[in-house]
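Here is a friendly walk through a model, in questions and answers. Take a look at it, and then we can begin.

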Amino acid sequence: MEVSSVLKEDKGVTIVSVNGRIDSYTYNIFENEVYTNIDIGQQKMILDFTDVSYISSQGLRTLVTALKKAKAQSGFIKLCGLNESVLKILKVSGLDKALAIFPDADTALNS
Amino acid sequence: MKDTGVLTLQETLSTIKKIGTILNSSFELSELLSTIMSLSSEIMNAEASSLMLLDVKTNELVFSVVTGSTSSKLKEIRVPVGKGIAGWVAENDKPLIIEDVSKDERFYKKADEKSTFKTKSILCVPLKVKDKIIGVLQVLNKRGGNPFNNDDLTLFSVMAHMAALAIENARLIKAGIEKEKFEQEIKIAQSLQMSILPKKFEYFSNIELSGKSVPARIAGGDFFECIKLNENEMFMLIADVSGKGVGAASLTMVLMTFIRASVSAHPDDLDIKDLFFKINNFMINELAVDLFITVFALKYNVKTFELTYVNAGHNEPIICSASDKEIKLLESDGIVLGMLEDIELFEHKRFLECGDILFLYTDGVTECINENEDQFGEDRLHNFIKKSFDMKLKDMRNSLIEEIKKFCGDRDQFDDISLLILRNKGVFQS
């Protein structure tokens, strides 16, 4: 799995692009990237899941914890580009109600 | 090394051999680091030496061992990569000989101030493993008054290369021992977790019931529960704690105890929604752990065949009809427990016809993957249930676990697999 962050300076928003499966073996890479962004003051994040094929319960936990951390620092977490199976995992867990979900990064950026 | 002359080839080879023999004699990291230091001072004929390892999290060099007339206070010093002589060597991945540190503005005086040692000359080389800097090694003040020279640099670089490999080797051994200890702890947690799951499934004469949990190598947090509430009803629950390891296994045991106590207190008027709210509050306010659970629970009336259930973020259980093998899913419209204070949950009711199977499971079943990254998936599971519908439930669950193992092949089982299956055998006879 690969994760990279790009700061959109004009909007003060960091776009985190994730590629691959977020599962028991890889979630810590994703978690480290997202938490580090918050730690260094980039707590306004759009997580681009266009190339994510699966997210495990550990990944979901990272999303909710990151959301709490970001909100505590007046930031936000927005999700975008979810494919059908990842969206289903979020819906089954009920977390789709707690997270802001957008079709793509541009829509999330301008929302 | 003699400061007055150049080593012959024979002497150099002999010194290198000596370094190799000594470095290979220790696998314990702190002992090895001390050995490298004393060997550095001795071989390079220096008054003192120091070894700094890179802290990759902070990108700072940290004093690990110091020798000579220095102070233990040095261990408190952290040198940012890029700062000072050592920081320059780490950043530029190049060795440095400084004949007179007072004339070099890169010199970082903090170490001397802390230790009262007076540094005059330095020979500093990077410690590298597979092209990655893991630290720096330096010797200070060559005895006899002469500065370090290029021959010293050549020998010290060879020594640093051997030292870096020995450090990496010791780290790997240490990690292996810690991993073994960790896996032992996991096994204990795992066996405790398994020991408290229900094992006998004989509650009512008109239901067949079977359950099993197969833990992954790194214990996860699956659990299930069956409790006879009264003469007509039973309670069933299946849950999955997010996360792995001892933390998840411990939380599982705490939650099972909490659930058993809460359910047993209300044998005739159990409100599952209320139970879930209590679990949610307990996790957030009392446990304060950064984990959540998905949980599905039901009450089943063996006389009316009525199911009352609540689903909090758990994958949808299945009813397979005895008449036409049709698959129906029990909706998940609640949210996982333990993460958010304000949650909404919904209670639903269904009826089991005579012969129907109710199949509860955790996501380790459908989300296990094979070497081609294909998931076992819901379709395979549904087909399996239809195909093996007439089996005894104990055989059905064992057969499914075998089928999953076969599907995964050589790929590790990365999540717990848990199954809890019920069949309505028909009219109740007390």
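Q: Let's start in chain B of this predicted model. Which residue in strand 9 of chain B stands opposite Glu225(B)?
A: Glu225(B) falls within strand 8 of chain B, residues 221-228. Strand 8 is joined to strand 9 (residues 233-241) of chain B by eight bridges, and the two run antiparallel. The residue in strand 9 that stands opposite Glu225(B) is Leu237(B).

Q: Which strands stand at the edges of the open sheet in chain B?
A: The sheet has five strands in the order 8-9-10-11-14, with antiparallel pairing. A strand at the edge has a single partner strand, so one of its sides is left without a neighbour in the sheet. That describes strand 8 (221-228) and strand 14 (347-351).

Q: And what is the average twist from one strand to the next?
A: The pairing in this five-strand sheet is antiparallel. From each strand to the next, the twist averages 15°.

Q: Moving to chain A, are helix 1 and helix 2 roughly parallel or roughly antiparallel?
A: Helix 1 (residues 27-39) and helix 2 (residues 57-72) of chain A have axes 10 Å apart and pack at an angle of about 5°. Angles under 35 degrees count as roughly parallel. The two helices are therefore roughly parallel.

Q: How many nonpolar residues does the contact of these two helices of chain A have?
A: Helix 1 contributes residues including Phe30(A), Val34(A) and Ile38(A), while Ala66(A) and Ala70(A) are among those from helix 2. Alongside three polar and two charged residues, the nonpolar ones number seven.

Key. Residues are numbered from 1 along each chain as its sequence is written. Chains are lettered from A and ligands numbered from 1 in the order in which they are written. This is a predicted model: local features need pLDDT of at least 70, side-chain atom pairs count only at pLDDT 80 or more; totals for chains, interfaces and linings use all residues. Axes are lines fitted to C-alpha atoms, for helices over the stretch in contact, and angles run from 0 to 180 degrees between N-to-C directions. Helices (H or I, at least four residues) and strands (E, at least two) are DSSP runs, numbered from the N terminus. Angles under 35 degrees count as roughly parallel, over 145 as roughly antiparallel, 65 to 115 as roughly perpendicular and the rest as oblique. Two residues are in contact if their C-beta atoms, placed from the backbone, lie within 7 Å. Ala, Val, Leu, Ile, Met, Phe, Trp, Tyr, Cys and Pro count as nonpolar, Asp, Glu, Lys and Arg as charged, and the others, Gly among them, as polar. Two strands pair if DSSP finds at least two bridges between them.
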